[in-house]
Amino acid sequence: MCGIVGYLGFRDATDFLVEGLRRLEYRGYDSAGVATLNSRRSFSLVKTTQRIDSLAELLEETPAAGAMGIGHTRWATHGPPSAVNAHPHLGGDQEVVIAHNGVIENYQVIKQRLESEGFQFRSATDSEVVAHAIAAELRKLRAGAPKAAGGEAGVRRAGGHKNAANKAAAQQTAAEHEMLAAAVAQAVSQFRGTYGLVVLFRDFPDVMIAARLGSPLVVGIGEGEHFVASDSSPLAGYTDKIVYLADHQIAIITKNTLSVAHRGQGRVKHNVEVLPVDEEDAGMNGFPHYMLKEIFEQPESLQNTMRGRLNEEDGTAVFGGFNLTRQQLRNVDRLLLTACGTSWHAAHVGDYVIEEMSRIPVEVEYASELRYRNPPINGATLLFALSQSGETADTLGALREMKRKGHPTLAICNTVGSTIAQEADGGVYLHAGPEIGVASTKAYTSQCLVLTLLGLFFGRLNHLSYDAGRRIIDDLYALPDQVRRALDTAEQVRDIAEKYCGANNFLYLGRQVNFPTALEGALKLKEISYVHAEGYPAAEMKHGPIALVDENTPSVFIVPQGYVYEKVMANMEEIKARGGPIIAIVEEGDTRAAAVADDVIHIPRAPEYLQPIVSVAPLQLLAYHIAVLRGCDVDKPRNLAKSVTVE
Ligand code: AGP
């Protein structure tokens, strides 16, 4: 987790740092800070336990001048959110300052050793060992480094040959930079865990070192300036030239130069990629919260997800980025879907839909479990890693483990150029547009849609007829409008939210393809309103959770038409018989539910395999309105972050 930024150039560093941190705030927002190297050759540190806006205010009061600096927005792992635990952290006698993203698992051992060597720790973080370890390594290297021949004065004395003097000075500087990179390399070689790291050195005001293992890091290349960030979002408007650092790489960055070394390989060539111009509007467009805006964007984001992917002529879906031959795809006899959180719920929708359409067995695994399991997987299994952000550590870990075992891996991601998207053998982008609210909404429905397209694709490779494929395509064309109409329930949902916003427990119940919808509805409510909610298959409720039912525990039923409709209606009766309030999501024309439920929300009729995408809309709205009514910070709920980049 955490977002880091760095700047070295000619501007006031804090301009970029603060704006960059704002754009990275989705990665964590427990506390934040910046450090710049000032003209007195010391670090100016400004930290806050509040959000980036308050960091900006603090910097107005106490400017941290300097054209070189680093910044950090934190999601606490070790030590509670506090000013002392906020990054950046100083190392040694304030000769080093770092911002770190990741976890140093063996920090205790290193800390003890460094303490015994006289280094003084101030924070409870694992990251502070990074700062002191680098300072310690640098001291050793400086102690052993040969003195420059005569130093600058000696160079000047050497006959006034300007060129020779310049060359000698440049060599001296290059040697110093190599020494700094070596200090970082020697420090990180002691760590077990992950790091994305930017480092400044008090005595070397012209260089910044960045290093990466497991936590993403990019370098932006400008004219006479360089930028470092956890992802490309802070670079927009500053530069479109970007270098994605790979694991085990260390970058030596000056105003005008960038060189990259790889552990064990020495200097390596770095690819400069051009960032696509992001024409998407990441503003709020008049909505009070990003989450609400993103909920209402779904008709359009779904349209974008399916654009160019429906082939009417062949009655199938088209995917351009699998990097697998048709024969390889034809031979796939099992799909393994792995993900976390909401993406895992989407994977469960995919499980139902893909099996139904293609008859290929599908398994869904939590990525955090899969990465440490050793399940028997045959050679014809295809792994899909689903992640909105493309940076989720557990999903990345599972993907890497499957790659190590030689399985083909595909990613389903929203964020273009993200680590998961880059490391998978191929994949599918959601094209849902930037999702800023921590609670995933439009990415979820786009994930469900991509999985439905996969069902159609694998179905057509196997037993599904052309005619059936064509009918599915027609259904898909109608989907965005069905979601638009489901969102027309917004006002009614708001009234229902008012009625129930005082409740402290909710049950969400659905069956078959709408069981994951129940899970997702419950998660949405939990994460943004801090109200306890459980999602269950409706029939399972009587095996335990029904004990929770009383007049203060509303049950939200997802009960559209379908072959389990009668069964779910019976489950609703069971709740009613025990005095529990019922909110029912039913299809237009349903007249029966009203006799049992206290509140009924009508959504458009859709084929069963598309119901999850339509029926989740009122659940997203319900969670949103309850959270607002309870005074919660909808877009940045407590304890969470948009992208979970630690295990
Ligand atoms: C979604 O509302 C949650 N914030 C969370 O469960 C999220 O889906 C999960 O962390 C996975 O994220 P990813 O899709 O970016 O991998």
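## Reading the ligand site, pockets and cavities

Colleague: I'm new to this one. Which residues around the ligand come nearest?

Modeller: This is a predicted model, and a good start is the shell around the ligand. That shell holds 15 residues, and Ser343, Ser387, Ser389, Thr392 and Glu527 come nearest.

Colleague: How do I read the make-up of such a shell? How many of its residues are nonpolar, polar and charged?

Modeller: Sort the residues by class and see what you get. Here, eight are polar, five are nonpolar and two are charged. You can also ask which elements they come from: α10 (341-358) and α17 (515-529) each give at least two residues to the shell around the ligand.

Colleague: And polar contacts? What lies 2.4 Å from an oxygen atom of the ligand?

Modeller: For those, look for N or O atoms paired within 3.5 Å. In this case the partner is an N or O atom in the side chain of Thr392, 2.4 Å from a ligand oxygen. The backbone takes part too: a polar backbone atom of Gln388 is 2.7 Å from an oxygen atom of the ligand. A nitrogen atom of the ligand, in turn, has a backbone N or O atom of Val438 at 3.1 Å.

Colleague: How much of the ligand's accessible area does the protein cover?

Modeller: On its own the ligand has 410 Å² of accessible area, and the protein covers 90% of that.

Colleague: Where does the ligand sit?

Modeller: In the second largest pocket. That pocket has a volume of about 550 Å³. It is lined by 26 residues, with Cys340, Gly341, Ala641, Lys642 and Val644 closest to its centre.

Colleague: Which elements give two or more residues to that lining?

Modeller: They are α10, β20 (381-387), α12 (393-404) and α17. The largest share comes from α17, with four residues. By class, the pocket lining splits into 10 nonpolar, 10 polar and six charged residues.

Colleague: Let's turn to cavities. How many of 30 Å³ or more does a search of the whole structure find?

Modeller: A cavity is space where a probe fits but cannot get out. The search turns up two of 30 Å³ or more. The largest has about 90 Å³ of space. Its lining has 15 residues, and those closest to the centre are Arg511, Asn514, Pro560, Val564 and Gln611. Eight of the lining residues are nonpolar, five polar and two charged.

Colleague: What about the second largest cavity: how much space lies in it?

Modeller: About 60 Å³. Its lining includes Cys2, Trp75, His78, His87, His100 and Asp126. The class count for this cavity is two nonpolar, eight polar and two charged.

Colleague: Now the backbone. What should I expect of phi and of peptide bonds?

Modeller: As a general idea, most peptide bonds are trans, and most residues other than glycine have a negative phi. Exceptions deserve a look. Here, the peptide bond from His87 to Pro88 is cis, with omega near -5 degrees. Pro88 is in the loop between β4 (68-74) and β5 (89-91), and His87 is also one of the residues lining the second largest cavity.

Colleague: And for phi, is the value of Gln94 positive or negative?

Modeller: Positive: phi of Gln94 is near 65 degrees, and this residue is not a glycine. To find Gln94, go to the loop between β5 and β6 (96-101).

Definitions and conventions: Residues numbered from 1 in each chain as written. Predicted model: local features only at pLDDT ≥ 70, side-chain atom pairs only at ≥ 80, totals over all residues. Heavy atoms only, no water. Near = heavy atom within 4 Å. Polar contact = N/O pair within 3.5 Å; in protein donor to acceptor, adjacent residues only side chain to side chain. Areas by Shrake-Rupley, 256 points an atom, 1.4 Å probe, with all protein chains shown as cover. 1 Å grid on protein atoms, 1.4 Å probe; cavity = no way out; pocket = protein on both sides within 12 Å on 5 of 7 lines; lining within 4 Å. Sits in = over half its atoms within 2 Å of the grid points. Nonpolar A, V, L, I, M, F, W, Y, C, P; charged D, E, K, R; others polar. Points joined across faces, edges and corners; volume = space filled by probe spheres on them.
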